[in-house]
Structures are given as C-alpha cells and as structure tokens.
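User: Please take a close look at the charged side chains in this structure. I would like one connected account of where they lie and which partners they meet.

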Amino acid sequence: MRPGRHSRPGVPGQVTPAALVRLRLPACGQPAHPSPPTWQHGGVTAATHSTLFPRTPDSADAVLEGLDPEQREVATALHGPVCVLAGAGTGKTRAITHRIAYGVRAGILQPSSVLAVTFTNRAAGEMRGRLRQLGASGVQARTFHSAALRQLQYFWPKAVGGSMPRLVDRKIQLVADAAAACRIRLDRGELRDVTGEIEWSKVTQTVPSDYALAAAKAGRETPRAAAEIAQLYAAYEDLKRDRAVIDFEDVLLLTVAILQDRHDIAEQVRSQYQHFVVDEYQDVSPLQQRLLELWLGRRDNLCVVGDASQTIYSFTGATPDHLLDFRTRHPGATVVKLVRDYRSTPQVVHLANGLLAQARGRAADHRLELISQRRPGPEPVYTEYTDEPAEAEGAARRIRELMDAGVRASEIAILFRTNSQSETYEQALADAGVPYQLRGAERFFDRPEVRRAIVNLRGAARFGGNDARLDDAVTLPSQVRAVLSGEGWTSEPPAGSGAVRERWESLAALVNLAQDFAAARSGATLNDLVAELDERAGAQHAPTVEGVTLASLHSAKGLEWDAVFLVGVAEGMMPITYAKTDDEIEEERRLLYVGVTRARERLHVSWSLSRSPGGRPNRRPSRFLDGLRPGSTATTGRTAGGRSGGVERGFTSPVGAAPRRTQRTPARCRVCGRTLTDAGELKLMRCEDCPSDMDEGLYERLRDWRAVQAQRSGQPAFCVFTDKTLMAIAEAVPDDEHELARIPGVGLRKLNRYGADVLTICAGQDVTEEEDED
C-alpha cells in the first residue's frame with residue numbers, strides 16, 4: 001500500500017478547535033514515524049480514496065472517528081440550513097455521507113426521510129455504497145432526474161390520469177425530425193449544438209418564443225440564427241406532443257408543475273422527505289433549484305455542498321449563484337469551509353492555488369485556498385513539443401516509464417480539452433504497448449463480456465457443488481477464476497491492446513474484485529459476490545480496469561489518479577478558441593484547475609508548437625500558466641489570499657442583513673505551505689520539522705549577545721528575545737529596521753532598544769562597548 005493513499009481508522013476523543021490544531025508531519029523528505037491513529041496523525045481517510053470494503057462502524061460515535069475538525073462540524077450539524085464550501089480533494093463526499101450516517105445511527109434522522117441528490121449516476125451510486133458501508137442503508141441517494149422521475153411515475157395517474165408518456169433516451173433524432181419538418185438542413189455538428197440549445201432553454205425555463213431574447217441576454221454563441229433555433233425548438237415540442245413522448249428535461253418540468261399545482265401531492269412528498277442533502281451545488285440549474293424549493297416547502301433542513309471554483313458546466317445552465325447566495329437566502333445557516341486537501345501533494349496544490357490566484361469574477365471572490373495534508377512530492381513537469389504527435393509520443397513514453405517503475409496503468413490519466421484530441425493519444429499508447437480505456441465509452445456493466453461473466457457466476461452460485469468447474473476450487477477467488485477461465489480469462493494477459501486485451505481487462509477486474517471481497521469478508525460465498533456485483537451494477541460502481549484513462553477535462557470531474565498528464569495546454573485549446581467573454585475565459589481557467597486537482601502525486605503539463613509535423617510553430621503555452629511555469633512572468637491578476645477553512649455559525653439577524661466577517665487568512669509555513677498555529681512556529685514562519693536555512697554562526701553570536709544583555713539588565717534571557725525569535729532573525733538576516741520589525745517577537749519597544757545591536761551583528765560586525773553603554 002502506498003503512503004498517503006489509505007489511512008488507519010481513527011479513535012474517539014475530544015476534538016480540538018480548528019484554530020488550535022496543528023498538523024504534525026515528518027520533516028520534509030524524511031520517512032514517516034508511527035503515530036497514534038488520531039486525525040492529526042494520519043487517521044483521516046483520504047478525501048475520495050478509501051479501502052474497498054471497510055468495516056462498518058459499530059456505533060454512531062464510531063462514524064465520527066477519523067474526521068478532521070471541519071468534517072466533524074459538517075457531520076454533527078444536523079439541524080437548520082448548512083452550507084459546506086469544499087475545495088477539491090478535501091473530503092466533501094466523506095463529510096456528507098458521514099453526516100447522514102451519523103444522523104441515522106444516532107436516531108436523529110430516519111433513513112427513509114432523507115433524500116440526497118447529486119448530478120451523475122456514478123456519484124449517486126458511490127454515495128449509496130458509502131452509506132451502506134457506514135450502516136445507513138435505506139437512505140435515498142439519487143440524481144435530480146432519477147428522484148423526479150420516480151415521483152412523476154408515482155403521481156402521474158393521480159395528477160394527470162392515464163399512463164405516463166414514454167421517456168426518450170436520446171433527443172437528437174427528434175431534433176433531426178423537427179429540422180426536417182421546418183425544412184432546415186443541419187449537419188451533424190449543428191444538430192448536436194441545436195440539441196444543446198434546446199436543453200439549455202428548458203433547464204433555464206425558457207419557452208420557444210423567449211429563446212432569442214434569453215440567448216442574447218446570456219451572451220450565448222448560437223449555432224444558427226436565434227430565430228431559426230426558436231422555430232426548431234417549437235417544432236421539437238410539437239413533435240414530442242404528437243408522439244406522446246417526453247425528454248429528460250420534461251421530467252423536471254412536469255414534476256415542478258405537479259408540485260406547484262397540486263398542494264396535496266406536494267405535502268405528500270414533503271411528509272416523506274424531511275431532510276435534504278445536495279452535492280455539487282455549484283452545478284444546480286434554475287430548474288433544479290425550483291424543484292428543490294418545492295421539495296423543501298417552508299422548511300430549512302437542507303445541507304448543500306459545493307465549490308464555486310469548480311463550476312465548469314455553465315453551458316448547460318448550471319450556475320454557482322445559488323451556492324454563493326445561500327447565506328443571503330438562509331441568514332441562519334452554518335457555513336463550513338473544507339480546505340485541507342488530502343488528495344494532492346503540496347507541489348500540486350501550489351499550482352492549483354496559483355491558477356486561482358490570478359482569477360477574476362464572482363466565483364474567484366469566493367475561492368478556497370487549499371492546504372495540502374500530504375508529504376511533499378515531485379514538482380509538476382512542464383514540457384514543450386514541436387507538434388501534437390510528438391506530444392502524444394512523449395506522454396506515452398513517460399507513461400511507459402512510470403509503469404515500468406511500478407505505477408499501475410489504472411492510476412494514470414491523460415486529460416485533454418476536447419474529445420477530438422483522443423485519437424492521437426490512443427495511437428501513441430497502442431504503439432507503446434500501453435493498455436488504455438476511454439472515459440465516457442461503454443459502461444463497465446454494459447459490456448457483453450461482463451454481462452456474460454455475471455450470468456455464469458450466478459449460475460455457478462446456484463448449482464454450487466454440482467458445477468464441475470468448481471470441483472478443484474475451494475476459495476472464492478479460485479472459484480471466480482475457474483468460472484471466468486471459460487470466458488477468456490487467463491493468469492497472464494494476452495499480447496497487444498485490441499479487443500481481446502480489452503475483454504481480458506474486464507474479466508481481470510472481476511477477478512481482482514473477488515480477491516478484495518474475499519479478503520474483506522471472511523467466509524464470503526459466490527452468492528455473496530453475485531449480490532455485491534448486482535448492487536454495483538445498479539449503482540454503476542465499476543471495479544478498477546487496468547488501463548490508462550483517456551478523458552476530457554469535463555468528464556474527469558470527480559475522479560483522481562496518481563499521475564495526470566494535462567496535454568494540449570496551449571492558447572486556442574486552453575482557453576478554447578470560442579471562449580470570448582471574461583466569464584467564458586474564467587470558466588476555462590476553472591476547467592484547468594479541475595484538471596490539475598485530479599493529480600495525487602505526479603503532474604505533467606505539456607503543449608505543442610504546431611498541430612502536425614513540419615507545421616508552422618505559432619502556438620504558445622496557455623496564458624493560465626504565466627507566472628507558474630518556469631521561465632514565465634505573471635500576468636496581472638488577483639493577489640489577495642483565498643478563503644481559509646473553518647466554521648461560521650448562523651446568526652439571527654433580519655433577512656438581508658450582511659453576514660459577519662470571516663477570519664483572516666491563516667499564516668502558512670513558507671516551506672511546505674501548512675497552516676501555522678503554534679506561537680513558536682509563527683515566529684519562524686515555518687513548521688518546526690521543516691528544513692531551516694538558518695545561519696548557525698549568526699544564531700550563536702546573537703545568543704552570546706543576548707546573554708550579555710540579560711546579565712546587565714538582571715532578567716532572564718528570554719525577556720530580551722526568545723530562542724525562536726533569534727532563530728527567525730538568523731533565518732531572515734534583516735538588512736534594516738523595516739525588515740527586522742516584520743519578524744514576530746520584535747516589537748516597537750525591543751526594536752528601539754536592541755534594533756541597532758541586532759542589525760550590527762547581522763551585518764557581520766561586532767557590537768562595541770560604547771554602543772552597549774548607549
């Protein structure tokens with residue numbers, strides 16, 4: 001197990017207030033020493049990484065073990081509105097699932113009364129899995145669409161009558177038919193873009209007649225004339241009505257309409273769900289916000305979680321305004337900021353913070369400055385290539401080197417701005433003999449070989465001892481290997497990287513899952529494993545497939561890898577050419593920030609000077625890297641510090657009153673970047689264990705001088721200057737009174753009394769007796 005990836009479970013104990021806690025790390029570059037399993041000493045489980053099958057806590061208090069102070073604040077704030085501002089890698093999913101589980105296990109929340117909503121089936125499945133592992137089964141964790149569809153199906157006969165219209169999975173064919181009816185010819189790209197405009201219109205609750213005005217007001221780049229799109233939109237709606245079908249946006253619209261018009265149905269829903277949790281709240285659209293308000297009614301048992309700096313889906317209608325305005329709408333809300341990054345090394349976090357430090361706009365005003373909780377790692381690598389094929393070959397070569405050094409392929413990712421960039425990297429990886437998988441391709445449990453494998457495992461479990469394939473298989477893993485051998489699994493992978501290798505990788509993932517399951521569940525049977533696979537299939541919680549991940553930056557949201565290759569980070573691609581307005585440029589910056597924060601340990605950033613070999617080298621690195629990559633200068637941007645972590649309690653001022661001021665940005669170690677709270681470390685401006693660049697000779701001369709001063713004044717030596725202050729002076733070696741005065745522990749009185757002597761010693765000169773007497 002690699003250090004920093006998994007943590008030991010914590011132990012109960014009194015929680016020290018966040019302002020008084022100091023995270024103790026081994027000295028930079030030194031090996032870690034065993035420590036008590038408290039959260040301060042590594043007991044906090046990594047933000048999004050945990051053991052595959054953890055042990056279920058045996059009590060409500062045990063649910064809180066291993067949480068850091070801010071995460072514990074989230075978990076125990078079970079009443080009233082709660083807003084969690086959670087930076088990348090800070091354990092937001094961990095915090096909110098432990099919050100729900102703690103409430104359930106403590107008897108404060110009834111599982112059936114809780115509705116947790118998020119934006120993807122994968123995220124909802126992960127949340128259900130974590131709740132199950134924490135002993136909080138029965139809690140509904142769904143996407144907005146899934147929750148709304150369930151209610152719509154249940155209440156349709158009562159609210160409308162008859163059977164509900166059929167739900168279409170893909171609307172693009174309907175859009176094509178609407179275009180044909182309007183005698184408007186659309187190519188494939190325009191068809192996709194017009195479909196996107198219709199989806200945007202519906203989630204922003206814009207009707208066809210208002211589309212042109214709304215699109216202009218939002219500054220949207222329309223793929224066709226706005227009047228034509230409005231015409232297509234109207235025809236699309238007519239076509240759906242004629243065919244008695246609805247789309248995914250209609251699910252939300254119709255549910256909103258029923259809850260608005262039928263107060264009896266709305267009250268029935270509210271009596272069922274009394275406590276709401278919303279993940280990724282920065283991505284909520286106006287339509288989803290309206291649905292949430294109808295679910296809530298006049299109550300305020302709502303917990304929202306988000307990060308304005310990760311708003312990257314505004315083109316779909318998502319807006320961070322609901323997150324940023326939460327305190328205005330709920331003046332009594334408790335706001336908890338999570339800034340302890342358990343995912344990435346200080347080097348990766350430094351780059352991420354640097355990207356946002358130059359950001360502008362409202363989201364930037366609320367940025368969170370992350371503080372890495374991991375030991376230092378390698379610096380990000382920046383590489384310039386002559387052309388795109390050379391860049392792809394360079395990435396493949398480095399990936400091959402990482403794999404040869406022991407890094408698993410599944411812990412490596414190549415992230416790019418557009419899907420069209422994928423093909424070059426697929427070819428380069430294939431040429432290098434590196435297995436890969438495409439993010440967003442066919443889902444794991446939908447693959448034919450996986451479906452056949454599960455059918456065969458279910459059959460073997462049913463027949464048990466009567467299945468000849470299990471004659472020599474005693475353990476669960478050996479039984480799985482025996483069954484899947486008939487499907488093409490072998491102990492050694494096949495050569496090459498084609499379809500045969502992909503099928504083997506799928507089966508190998510099931511074999512590995514069986515091994516982990518058996519290790520975690522003593523006495524588990526084949527029937528137990530099949531039940532686990534069924535549960536995972538329903539949640540789309542796929543096991544790890546051994547292959548380098550190829551993904552767009554948008555589809556990488558919520559994921560993480562040990563090594564990340566950010567490719568094509570050049571002007572025209574990052575930011576993308578069609579990003580024109582300030583808001584669009586800032587969203588591109590946030591997209592790169594999301595990409596950077598996917599990396600745990602290694603980060604490679606690259607760009608190419610031309611598209612193809614021999615092409616004109618007219619590209620330049622992305623402006624977002626200015627001042628961050630070696631040899632570049634910073635562009636004008638923000639210099640104020642980000643928001644610090646901590647808790648802000650709700651207050652009872654009238655609605656509209658301004659919230660109280662937040663605490664000032666904490667002091668941080670100038671070596672590793674950690675927050676400093678210890679008085680001695682605040683004087684040094686570094687952790688006690690971090691390397692010191694102190695002038696030892698100067699320090700000894702200062703100590704000798706201090707002894708003389710203490711003897712003359714008849715007071716202890718520390719009353720002149722403490723050891724820590726002398727160390728800080730010996731590290732800073734100030735040249736003048738201004739620099740000396742900036743050192744903690746050197747006040748105005750001591751500056752006037754001892755300043756001249758100290759500066760003389762720092763200059764390498766001796767203090768004369770006459771100066772002493774003066």
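Analyst: Helices here are DSSP runs of H or I with at least four residues, and they are numbered from the N terminus. The model under discussion is predicted.

With helices so numbered, Asp695 can be placed in the loop that runs between helix H24 (679-684) and helix H25 (696-713). Its relative accessibility is 37%, and residues between the 20% and 50% limits count as partly exposed, so Asp695 falls in that class. On the surface, Asp695 gathers with Glu696, Glu700 and Asp704 in a patch of negative charge.

Other charged side chains are paired: the structure holds 46 salt bridges. One of them joins Lys171 to Glu199, with an N to O distance of 3.0 Å. This pair links distant parts of the chain, 28 residues apart, since Lys171 sits in the loop between strand S4 (166-167) and helix H6 (172-181), while Glu199 belongs to helix H7 (residues 188-203). The two partners differ in burial class: Lys171 has a relative accessible area of 8% and is therefore buried, whereas Glu199, at 29% relative accessibility, counts as partly exposed.

Lys171 also meets the side chain of Glu249 in a salt bridge, at 2.9 Å from N to O. Because Glu249 is in helix H10 (residues 248-261) and Lys171 is in the loop between S4 and H6, this pair ties together parts that lie 78 residues apart in sequence. Here both partners, Lys171 and Glu249, are buried.

Helices H7 and H10 are themselves connected by a further pair. In the salt bridge between Lys202 and Asp250, the closest N and O atoms are 2.6 Å apart. Lys202 lies in helix H7 and Asp250 in helix H10, so the bridge ties together parts separated by 48 residues in sequence. Lys202 has 2% relative accessibility and therefore counts as buried; Asp250, at 7%, counts as buried too. Neither residue stands in an isolated pair, for salt bridges that share partners join Lys202, Glu237, Lys240, Asp247 and Asp250 into one network.

Taken together, the account runs from a surface patch of negative charge that includes Asp695 to paired side chains such as Lys171 with Glu249, both of them buried. Lys171 has salt-bridge partners in Glu199 and in Glu249, and Lys202 and Asp250 belong to one network of salt bridges.

How values were computed:
Residues are numbered from 1 along each chain as its sequence is written. This is a predicted model: local features need pLDDT of at least 70, side-chain atom pairs count only at pLDDT 80 or more; totals for chains, interfaces and linings use all residues. Side-chain values use heavy atoms; hydrogens and water are left out. Patches are made of residues with over 30% relative accessible area and no salt bridge: like charges are joined within 9 Å, nonpolar side chains (Val, Leu, Ile, Met, Phe, Trp, Tyr) within 5 Å. Accessible areas come from the Shrake-Rupley method with a 1.4 Å probe; for residues, only the protein chains shown count as cover. A salt bridge is a side-chain nitrogen of Lys or Arg within 4 Å of a carboxyl oxygen of Asp or Glu. Lys and Arg count as positive and Asp and Glu as negative; His and the chain ends are not counted. The place of a charge is taken as NZ of Lys, CZ of Arg, CG of Asp or CD of Glu. Helices (H or I, at least four residues) and strands (E, at least two) are DSSP runs, numbered from the N terminus. Buried means under 20% relative accessible area, exposed over 50%, partly exposed in between (1.4 Å probe, protein chains only).
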